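User: Could you take a close look at one part of this model for me, the place where two helices pack and the core around them? I'd like the whole neighbourhood in one go.

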Amino acid sequence: MKQNGISLNTLHRNGKGSDQNVTEANGYDLELIEQIGDEHVGSSYDTPLREDAFDMNDADKVKKIEYHFRQIMETMGLDLTDDSLSGTPHRVAKMYVKEIFSGLDPKNMPNIKLFENKYQYNEMLVEKDISFYSNCEHHFVPIIGKAHVAYISSGKVIGLSKINRVVQYFAKRPQVQERLNVQIAEKLKEVLETEDIAVVIDAKHLCVSMRGVEDISSSTVTAHYSGKFKNEQTRNEFLNYIG
Ligand SMILES: [Zn+2]
């Protein structure tokens, strides 16, 4: 099966103003992603989750992660009897489950209501500079970025804060930027009942800046255009808005 309407463009910014098209971003071979997308719909752009992902309740997950994080800290030689460190395993576990990875659980999906707005029928609505924090699933260190979203109203509109909430929801998962981009776009298509969606993400990956090549100026840009945004003029109008 083939996932229709999925197109992703990735640009790697080197921080000096010149952009360069790449087929590999953050160790991800986009040609391979395309291949996987062609052959395994449902798993390719979905976060890889086990079937029993939500069998355990949040309180038990916190307890289990706390236990294992304590093991990690002790293995590194840290003295967990120190007042400053003793509460860390519990704090980290709670933060994982309740905050920074809370977007794994469908029960935390924002509840979105649409309302009719005939005035904005067929008009482009843009929300830019939606800031988000995510985490790279290959290193578990932050991805910090901004999402720019546009849609062409089918007569129904969404509260702008809800677009933020959709972005935050998918950001609060271990992620790769390309997948985050598609997940936001696909969710908005579903709730807005339109194919006319554009999502551009510009993000810094701390796994590139604080380790590895230690490049502090680069950022990665991904884009997903569907429906009317595949039209160059419409796309350019959007790109002008987001500057
Ligand atoms: Zn990484």
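Analyst: Here is a walk through that helix pair, the core around it and a few residues further out.

A word on the ground rules: this is a predicted model, local features need pLDDT of at least 70, side-chain atom pairs count only at pLDDT 80 or more, and totals for chains, interfaces and linings use all residues. Numbering starts from 1 along each chain as its sequence is written.

The protein chain has 7 helices and 11 strands; these are DSSP runs numbered from the N terminus, with H or I over at least four residues for helices and E over at least two for strands. Buried residues make up 30% of its 243 residues. Buried here means 20 or more other C-beta atoms within 10 Å of the residue's own, exposed means 12 or fewer, and partly exposed is in between, with C-beta atoms placed from the backbone.

Now the pair itself. Helices α4 and α5 pack at an angle of about 140°, with their axes 10 Å apart. The axes are lines fitted to C-alpha atoms over the stretch in contact, and angles run from 0 to 180 degrees between N-to-C directions. That makes α4 oblique to α5, since angles under 35 degrees are roughly parallel, over 145 roughly antiparallel, 65 to 115 roughly perpendicular, and the rest oblique. The crossing of α4 over α5 is right-handed, meaning that the near helix is turned clockwise from the far one by less than a right angle.

On the α4 side the contact uses V166, V167, F170 and A171, and on the α5 side L180, Q183, I184, K187 and L188. Contact means C-beta atoms, placed from the backbone, within 7 Å. Those residues split into 7 nonpolar, 1 polar and 1 charged, where Ala, Val, Leu, Ile, Met, Phe, Trp, Tyr, Cys and Pro count as nonpolar, Asp, Glu, Lys and Arg as charged, and the others, Gly among them, as polar.

Next, the core. The largest nonpolar core has 33 residues, and A147, V167, I184, L188, A198 and V199 touch the most other members. A nonpolar core is a set of buried Ala, Val, Leu, Ile, Met, Phe, Trp, Tyr and Cys residues joined through C-beta atoms within 7 Å. Elements giving at least two residues each include α4 (160–171), α5 (177–192), β6 (124–136) and β7 (142–152). Take L188: leaving aside neighbours within four places in sequence, L188 contacts V149, Y151, V166 and I197.

Back on α4, there's Q168, which counts as buried because 20 C-beta neighbours sit inside 10 Å. The C-alpha atoms of Q168 and Y133 are 7.6 Å apart, although 35 residues separate them along the chain. Y133 belongs to strand β6 and is partly exposed, with 14 C-beta neighbours inside 10 Å. Beyond four places in sequence, Y133 is in contact with P142, I144 and A171; A171 also takes part in the contact of α4 with α5.

Past α5, E193 lies in the loop between α5 and β10. E193 isn't a glycine, yet has a positive phi of about 55°, and E193 is exposed, with 10 other C-beta atoms within 10 Å.

Note on methods:
Two residues are in contact if their C-beta atoms, placed from the backbone, lie within 7 Å.
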